[in-house]
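Me: I am new to this structure and would be grateful for a close look at a single part of it. Please take one residue of the interior as the point of departure and work outward from there in one connected account.

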Amino acid sequence: MARAFRAASPLPLPSSRSAAAVTNGGGRGNFPWLTKKSSSKPPAPSGGGQESKGDEPEGVGANAAAGSIEQSPSPSSSSSRKRADALARLRAAFLAAITHRRRRRQLGSCVTGTIFGRRRGRVHVALQTDPRSAPVLLVEMAAYSPGALVREMSSGLVRLALECEKTPLAAGEKRRGLLEEPTWRAYCNGRKCGFAVRRECGADEWRVLGAVEPVSVGAGVLPDDVAGAGAGAAEGDLMYMRARFERVVGSRDSEAFYMMNTDGSGGPELSIYLLRV
């Protein structure tokens, strides 16, 4: 009877081997609905190690993926960090340029000049941006006295020239400013009068500049309580002359300061030239 049923059946009955194949996923060509169902599922990852990972819960896999993302820096964060560093460097360079420009413009086109010293002592020349500021240039002329300068001014115009050497620079070295040169050769009306040395403003110089601070233009003699009665008192009275000077910059190696007359008539009675040759 079984033989008669098999002969009458249009499809062969599955044997034990074919049933096992259907159970394991084989023989799907004979069952189209199994093929459609398997195609709708996402493909399983290949590899033995990945199959074992597939048995883990979904939360564990998500946490592992998040941990791997946190450990490896993203390209967007590294690019933003580089951009921030570049902006910081640009800002620092910009601020340095502004500060350097302000320092260069600190000495304007009009300055306050003070010439002082003991009558038989040494001449001191101080240039300030305003009467209360520190001198941008304080020069001491070693072999020239205020008494000799007064005699020169009584005879006419006075030209003081301070000249320094332009030394060669090493590779990568930057030349200092003209007003920062330490030593000078001094000339008065074309005659050499020794050397001049740049000085820092000490207590004695500050006492003199503070005493003549209310004076805008003038000349005179300071009292002994201001000048100080010491070893310098034997060199005579402490004389001073104060005026406004017009500053003219020729180049990085030449500047001139012309005394401005209050009445506006005649030429400058005193001129100071700074040269680097």
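Reply: In this predicted model, a suitable point of departure is Phe257, which touches Leu107, Val111, Leu127, Phe245, Glu246, Arg247, Leu270, Ser271, Ile272 and Leu274, when residues up to four places away in sequence are left aside. Phe257 also belongs to the largest nonpolar core, a set of 32 residues. Within that core, the residues with the most contacts are Met141, Tyr144, Phe245, Phe257, Leu270 and Leu274. Strand β4 gives the most to this core, contributing four residues. A second core, separate from this one, consists of ten residues, among them Phe116, Val208, Leu222 and Leu238.

Next to Phe257 in sequence is Tyr258, which lies in strand β9, residues 254-259. The structure holds one aromatic pair. It is formed by Tyr258 and Tyr273, whose ring centres are 5.9 Å apart; since their planes stand at 85°, the pair is edge-to-face. Tyr273 lies in strand β10 (residues 270-276), and the pair therefore ties together parts that are 15 residues apart in sequence. Tyr258 is partly exposed, at 27% relative accessibility, and Tyr273 is likewise partly exposed, at 24%.

Leu127, one of the residues touched by Phe257, leads to the neighbouring strands. The bridge partner of Leu127 in β3 is Leu137, and β2 and β3 run antiparallel, joined by five bridges. Strand β3 is largely enclosed by the rest of the structure, because five of its five residues are buried. On one side of β3 these are Leu137, Val139 and Met141, and on the other Leu138 and Glu140, so that both faces are covered. Met141, on the first of these sides, is also among the residues with the most contacts inside the largest core.

From β3 the path continues to β6. These two strands pair in the antiparallel sense over three bridges, and Val139 has Arg198 of β6 as its bridge partner. Strand β6, residues 191-198, is in turn joined to β5 by five bridges, again in the antiparallel sense; here Trp184 is matched with Ala196 of β6. Strands β5 and β6 form a hairpin with two residues between them. Asn189 is placed in the loop between these strands, and its phi is near 55°, a positive value in a residue other than glycine. With a relative accessible area of 29%, Asn189 is partly exposed.

On the other side of the pairing scheme, β5 (residues 183-188) meets β4 (residues 158-164) in the antiparallel sense, over four bridges. One of the matched pairs is Glu163 with its bridge partner Arg185 in β5. Cys164, at the end of the range given for β4, is buried, with a relative accessible area of 2%. Cys193, within the range given for β6, is buried as well, at 9%. What, then, is the count of disulfides in the whole structure? A search finds zero. For Cys193, the nearest cysteine sulfur is that of Cys188, 5.6 Å away, whereas a disulfide requires sulfur atoms within 2.5 Å; Cys193 is therefore in no disulfide.

Two helices complete the account of the surroundings. Helix α7, residues 146-155, has Pro146, Gly147, Ala148, Leu149 and Glu152 as its buried residues. These pack against β1 (110-118), β2 (123-128), β4, β5, β6 and β8 (238-251). Gly156 follows α7 and has a positive phi, near 155°.

In helix α8, residues 203-211, the buried residues are Glu205, Val208 and Leu209. Viewed down the axis of α8, they fall within an arc of 95°, and so they line one face of the helix. The elements covering these residues include β1, β2, β3 (137-141), β7 (218-222) and β8. Val208 also appears in the second core, which gives α8 a part in that separate set.

Terms used
Residues numbered from 1 in each chain as written. Predicted model: local features only at pLDDT ≥ 70, side-chain atom pairs only at ≥ 80, totals over all residues. Heavy atoms only, no water. Buried < 20%, exposed > 50% of the residue type's maximum accessible area, 1.4 Å probe, protein only. Phe/Tyr/Trp six-rings, centres within 6.5 Å; stacked < 30°, edge-to-face > 60°. Pairing = 2+ DSSP bridges. Contact = heavy atoms within 4.5 Å. Arc of directions from axis to C-beta. Core = buried A, V, L, I, M, F, W, Y, C linked by side-chain atoms within 4.5 Å.
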